[in-house]
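The following exercises concern side-chain contacts and surface exposure in one protein chain. Each task is followed by a solution that proceeds step by step.

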Amino acid sequence: MNKEKKPLSKVLGTALTFVVVLFCIWIAYKFPPNLALHLFQGKMGAAELAAEPYNYGQFAGRPAGEGVTELESMEQFRDLTSLDYITFETDSIIPLDLYRLKSGTDKVSTNTRRGYRSNRRQRSTYIQNSILVENVYNRYYMVKLPDGNYVAAYLDDAYYIKYLLGGGKVQLPLGRPEHMTREEAEYLASDIAEHGLDEEMLLVMFAEEDYEEQKLLHTVVPVVVFFVLLGLVIAVDVAVTSVLKKKRGQGV
């Protein structure tokens, strides 16, 4: 009887291990690196922004500090210039079915085989309806303003996770308005019509320059997350096994 059950228990154990490892891989793959990296990045307030010698909009997406203008309404949003930074707390973020490359340098994907470069392919700048979105893409969202209106935002994915973990509220990073491209307007046409979004402008809340500078870390963080999750699973498994063995020993 025991001999018949043992192979089945091994098969089930192997299957469970496979599922757990896949789950850890999926979580690590979907984990927004800036959720961890922004913990070590200082906030940029009005004083820090004023002290910067060059400003061409590259700070949008960084954690917002003191003195930054709090966006209150759609009218205020439409009066902003492309170099006006804002922030605000929102209680509603809705993911949209549109993704954009985090950087133009990710446009070409090159695989390497035996030391030779091969399989060069062009990535699309925008994608929709993708089940497994590559981590070189960032998503578009609708974010609710304090006056109840929604605006389209190219928002750092980390802040959507913060919103979910924070019980439905989050202070957004630095943002600035940017004219929609023709492709963005076409992709978002149905959302613009349905939710009354601004037809020409969107909020940019992702720091492309920071992403370029920290590209290696954006690769390392998911790997670290995978091993941390796997370590936790192994620790729980060892603890449960130890408890069961003790109970069996006491039973005997």
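A salt bridge is a side-chain nitrogen of Lys or Arg within 4 Å of a carboxyl oxygen of Asp or Glu. The structure shown is a predicted model.

**Exercise 1. Salt bridges**

Task: Decide whether the contact between D91 and K144 qualifies as a salt bridge or fails the criterion, and state which parts of the chain the pair ties together.

Solution.
1. The nitrogen-to-oxygen distance between the side chains of D91 and K144 is 3.9 Å. The cut-off is 4 Å, and the two side chains do meet in a salt bridge.
2. D91 is located in the loop between β3 (89-90) and β4 (93-101), whereas K144 belongs to strand β8; the pair therefore ties together parts that are 53 residues apart in sequence.
3. Both ends are partly exposed: D91 has a relative accessibility of 40%, and K144 has a relative accessible area of 26%.
4. By this rule, the count of salt bridges comes to 11.

**Exercise 2. A salt-bridge network**

Task: Determine which residues are joined with R100 into one network by salt bridges that share partners.

Solution.
1. Begin with R100 and E178, whose side chains meet in a salt bridge at 3.9 Å, N to O.
2. R100 is in strand β4 and E178 is in strand β11 (residues 176-179), so this pair ties together parts that are 78 residues apart in sequence.
3. The burial of the partners is then assigned. R100 has a relative accessible area of 14% and is buried, because buried means under 20%. E178, at 22%, counts as partly exposed.
4. A further salt bridge is formed by the side chains of E212 and K215, at 3.6 Å, N to O. E212 is partly exposed at 29%, as is K215 at 27%.
5. The network itself consists of R100, R176, E178 and E184, joined by salt bridges that share partners.

**Exercise 3. Aromatic pairs**

Task: Classify the ring pair of Y140 and Y154 by its geometry.

Solution.
1. By the pairing rule, the model contains 8 aromatic pairs.
2. For Y140 and Y154, the ring centres are 5.0 Å apart and the planes stand at 45 degrees, so the pair is tilted.
3. The pair links distant parts of the chain, with Y140 in strand β8 (residues 137-144) and Y154 in strand β9 (residues 150-155), 14 residues apart.
4. Y140 is buried, with a relative accessible area of 0%; Y154 is buried at 1%.
5. Y141 and Y160 also form a tilted pair, at 5.2 Å centre to centre and 35 degrees between the planes. Here Y141 of strand β8 is linked to Y160 of helix α5 (residues 157-165), 19 residues away. Y141 is buried at 3%, and Y160 counts as buried at 19%.
6. Ring pairs link Y140, Y154, F206 and Y211 into a cluster. R100 lies over the face of Y154, 3.9 Å from the ring centre.

**Exercise 4. A nonpolar surface patch**

Task: Identify which residues form the nonpolar patch on the surface, and establish whether L216 is buried or exposed.

Solution.
1. The patch is formed by L216, L217, V220, V224, V228 and L232, with about 530 Å² of accessible area together.
2. L216 lies in helix α9 (residues 215-251).
3. The relative accessible area of L216 is 64%. Exposed means over 50%, and L216 is therefore exposed.

Terms used
Residues are numbered from 1 along each chain as its sequence is written. This is a predicted model: local features need pLDDT of at least 70, side-chain atom pairs count only at pLDDT 80 or more; totals for chains, interfaces and linings use all residues. Side-chain values use heavy atoms; hydrogens and water are left out. Patches are made of residues with over 30% relative accessible area and no salt bridge: like charges are joined within 9 Å, nonpolar side chains (Val, Leu, Ile, Met, Phe, Trp, Tyr) within 5 Å. Accessible areas come from the Shrake-Rupley method with a 1.4 Å probe; for residues, only the protein chains shown count as cover. Helices (H or I, at least four residues) and strands (E, at least two) are DSSP runs, numbered from the N terminus. Buried means under 20% relative accessible area, exposed over 50%, partly exposed in between (1.4 Å probe, protein chains only). Rings of Phe, Tyr and Trp (its six-membered ring) pair if their centres lie within 6.5 Å; planes under 30 degrees apart count as stacked, over 60 as edge-to-face and the rest as tilted. A charge sits over a ring if NZ of Lys or CZ of Arg is within 6 Å of the ring centre and within 35 degrees of the ring normal.
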